[in-house]
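Here's a quick walk through one model, taking a sheet, an interface and a helix pair in turn. Have a look at the structure before reading on.

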Amino acid sequence: MAEIKTILEVEDLCVSYGKVEALHHASIKVGEGQIVTVIGPNGAGKTTMLCSIMGLLPHTSGAIRFLGQKLGDAEVEQMVSLGINLVPESRALFGEMSVGDNLLLGAFMRHLAGHRDHEQIMEEVFQIFPRLKERREQHAGTLSGGERQMLALARALMAKPKVLLLDEPSLGLAPLIVREIFRVIADLKKSGVSILLVEQNARAALQVADYAYVLETGEIALEGASDQLIDDPKVVESYLGLGGKR
Amino acid sequence: MDLQIALLLGQDGMTNGAIYALLSLALVLVFAVTRVIFIPQGEFVAFGALTLASFQAGKTPGTLWLLIGAGVVVALVDVTQALRSGMPRRILRIVGWNLVYPAAAAAVVFLLKPGDFPLLAQIVLALALVVPLGPMIYRLAFQPLAEASVLVLLIVAVAVHLALVGLGLLFFGAEGSRTPAFSDASFNLGLVTVSGQTLWVVGASLLLIVVLFAFFERTIYGKALRATAMNRTGARLMGISTVMAGRLSFLLAALIGAFSGILIAPITTVYYDTGFLIGLKGFVGAIVGGLASYPIAAAGAILVGLLESFSSFWASAFKEVIVFTLIIPVLVWRSLTTRHVEEDE
Amino acid sequence: MPPRLVLSGFLGLLLILPLVASEFQVTLLNYIGLYAIVALGLVLLTGVGGLTSFGQAAFVGLGAYTTAYLSTAEGLPGWASILGGSPWIGLLVGLLVTALVAYLLGLLTLRLSGHYLPLGTIAWGISLYFLFGNLEFLGGHTGMSGIPALSLFGIELKDGRKFYYVVWLAVLGAVWLTQNLLDSREGRAIRALKGGVVMAEAMGVDTARSKVMIFLVAALFACVSGWLYAHLQRFVNPTPFGLHIGIEYLFMAVVGGAAHVWGALIGAGVITVLKQWLQDWLPKLLGASGNFEVIVFGVMMIFVLQRARDGLWPILTRFVPQREAKREVPQGEALPKKPTPESGQVLLEARNVFKRFGGLVANNNMSLTVKAGEVMALIGPNGAGKSTMFNCVSGVDSASEGEVLFRGEAVTNLNSRQIARRGMSRTFQHVRLLPTMTVLENVAIGGHLRGSKGVLSAMLHLERGEEARLLAEAARQVERVGLKDSMFGLAGSLALGQQRTMEIARALCADPCLLLLDEPAAGLRYMEKQSLAKLLRKLRGEGMGILLVEHDMDFVMGLADRVVVMEFGEKIAEGLPDEVQRDPAVLEAYLGGVD
């Protein structure tokens, strides 16, 4: 990936909860316009990595660079203003607010910065997720699981992100909807957004990504171009234990 | 009790109930956004009323000194922090809000003799002195503890209440004040005479409620506050900072409190410590609403007003006993209907 | 300086102080003592038990008013006249009245969750205050005077210097009782109330009862303080029993260090002296009269909570040496054990369990069995509903539909305490331990149901025999899981893997026949996993049934006799480890589908 400019770089990141180290010297790179995925079994530290990049969790050592610039102890709000947006595993929607209001708040930082183009962005977002337009006046809490994930994605897009961090977008969704979400993720890449995708659903993630890292108990165990990793028996092994020999 | 007395008591209860309703809304707001159970709400009621009374008596209100003092402390803390975190650009704003604004307020108070202002201008000036104290108190007492448990925040709220009551005594003295009614008119409605002030109180409360509703439903800042209340992390991920939301909610709470004080100042003599019991009655309403629902809180507060006025007729000495004892069944009902989640400290 | 010397020095100082101090200083010391008794109750209630009360002043009032009324009232009705006259009867009746009122208030308000409880205490604090001020037979707002002085062995304690000894004897008595209580089986249950309720219930502790107990003890301490106050002051009015004084009591506990018995004394001392001093100086300084000290108290409280939330005592103890923690491994007879079920006998059977949260179905028609002497593993991807299943089985939650049988008995609707009593014990996915207690004490909580002595015998330390056997049992379990070296260290200072292991020791301390382990290998190093597997194999060999939720597949596959795989709340596979690993549905659940 020599020619591609690195937009987000994580170097030697360590994160601890009290005495427990959840992330151990993890380094990853996201190139501009790429989809990079971090896969790995439950409890490997994937969510911790995203939260730490986003400034929701402090890191004990290591560095996070955005376009080459080191971000100190940046707060979440600063990350958002830089154009880095996280769609968390929990979706974190505003359940008692309408879909429209949820989307509007997605543009809050842009509003603070003086932009008044949320109507137009919302139309663009509705093009990607026509179903949300139908549900515009409905409370977010009444949406189905798949629609919620779409709303969470759409809300993040309202901020016109440069880098999108996605935490398990397929979690708990039926296979058909998972396919749709991944189609959108692939489309987003085409529109120029760089994406760091954390997934347990390794196969789907590897199909859509350019490059992949396998995280195992807080450490990067394996990395490579995703089309190479997709058939690597070691991936199966890291998920299902020694018995992965089949 | 005949119908006439009942109507009279009802009118009384509605008037107080309207004030309690306003306060209960502020309490729900502050709790939802910051998890602070805002015990010092009542002090803002007293400060609003006493500041207006000071203007009318031609005195310098003590809240001016409080504003200047709090401004200096906030400026010191914030400037130090801005320098330490390497963001000197913030200093201008900090100095502007915390030093220049209070100085300007002082200039108005000393140079323009607000005692001669029309009532409306006096009210605006009183609010201008009291309301900024809200965000300043948030900055000093609560912002450093934003991650603390509800219980710790509650104890801090009680501590702030104590400090403010003491400061109220220092700045306003032990005597109470009462301001002249906004209107001397009274309306005869068959059995009962409705005083102009009652209409003012109920009308202004309703107006404020409508304005607040519009703020929360129509503006992006109002929606941002609601978003923080619903999902703090979600809101932060949109760039809505917890600190901003906290300051804004304290600003609104201070505004509602001071405004309520101005409304009741003509009805009852307000002392430096009067606010506490008034605020707590707003609380009973807020608790009826589970510290979450605005309409139920307001309805509960009006109920408290009515209960209080009727119990003062039946057993005047025990009216506080009755009102506060009744919180307990309400609390039990509330705590049984909310799912208990263990709070790990 | 050895700690014992510090204590003797303190006691000696207490003894001679009234001989050398001025009248005014003695009075001050008397008040410090009175306040310290109330603050001690708050240490137990708030600092240790995590229940915040702003209303303790009302209980002080109950004690004071009861004795004031009984010792001054003339013309009591005939049946009650026997109660009149003596302060000692005043104390007895006061304690009874307070216990009754506290029990009723406790029944009502202790059910309040989280922040509703302190709001409740504010409410009844205000109510009782206004009640004192408005009841005519209690003298209304003017109060009651002419309360007789105390007499002890024929000596009338009119003089503050003599009264001093009574006050401080009461303080030291309260300290002794509180320390004894905390250092006991009931005490460990109480210490678990703050942040460990779910865990304690799972170990069989009746936490609701523990809450009522400490509420009663705190109220009775307050009552004693009120009784002393009435006979010292010989006059009562409602003012010292108002909400603001209740707030001050809480401040004393917090400033002194709410989690420490001696913190109550420090807090009472600091606040009382400071108040006196501020009341002297502030009005002069400010040129006006009034209770300006509340400004300082308020600001000080904010500062303490922002900067030193544990109060002054922990700061002081940095300069005063602490008694070396006991390092002897406790010895005692073995506790009786339940008979072990025969290997192969079905212990746990879940039949068609459904669990719904609103519209979400977290468990959909789940069935599984665990037999004695086998390790059964429940696995599945994130969010598959494994923990929900675990909670349904162990009584932390109850199934919406279906049946759970434990040793042939339906336990579907029993709570975790009742299930624990039947011989099921568990660990938690997110470790639940009490970080400021030693490993030994944490493990001893597991043995809660194997002791029976109550709060009273604990306070008087009449339960030492049972306590020794409990601790000895806990020590055996600590050794069994290989944590002997950390036995006397604080549980919070263990590494995560050791904390998980400690949870197993705690579960074993309950003498279970079925162990439920929620991700026991998470965060363990390779060697630790090996020794954990070895321990579990040994337990299995002894006939223990083990149900395991685990993500670490190496660990599961090497250990489990049978495996159940869940996805989307349903069982998608069941069988031997080898079969399950080859099952295409399992591969798809873990790695995602291929188009």
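## A sheet, an interface and a helix pair

Chain A has an open sheet of 6 strands in the order β6-β7-β8-β3-β9-β10, with mixed pairing (strands pair if DSSP finds at least two bridges between them; helices are H or I runs of at least four residues and strands E runs of at least two, numbered from the N terminus). This is a predicted model, where local features need pLDDT of at least 70, side-chain atom pairs count only at pLDDT 80 or more, and totals for chains, interfaces and linings use all residues. Residues are numbered from 1 along each chain as its sequence is written, while chains are lettered from A and ligands numbered from 1 in the order written.

At the edges stand β6 (84–87) and β10 (219–225) of chain A, each with a single partner strand, so one side of each has no neighbour in the sheet. Inside the sheet, β7 (163–167) and β8 (194–199) of chain A run parallel over 5 bridges, and A:V163 has A:S194 in β8(A) as its bridge partner.

Over to chain C, whose contact with chain B takes 40 residues from chain C and 41 residues from chain B (contact means C-beta atoms, placed from the backbone, within 7 Å). α5(C) gives the largest share of chain C's side, 11 residues. Here's how that side divides by class (Ala, Val, Leu, Ile, Met, Phe, Trp, Tyr, Cys and Pro are nonpolar, Asp, Glu, Lys and Arg charged, and the others, Gly among them, polar):

| Class, side of chain C touching chain B | Residues |
|---|---|
| nonpolar | 25 residues |
| polar | 13 residues |
| charged | 2 residues |

Key:
Two residues are in contact if their C-beta atoms, placed from the backbone, lie within 7 Å.
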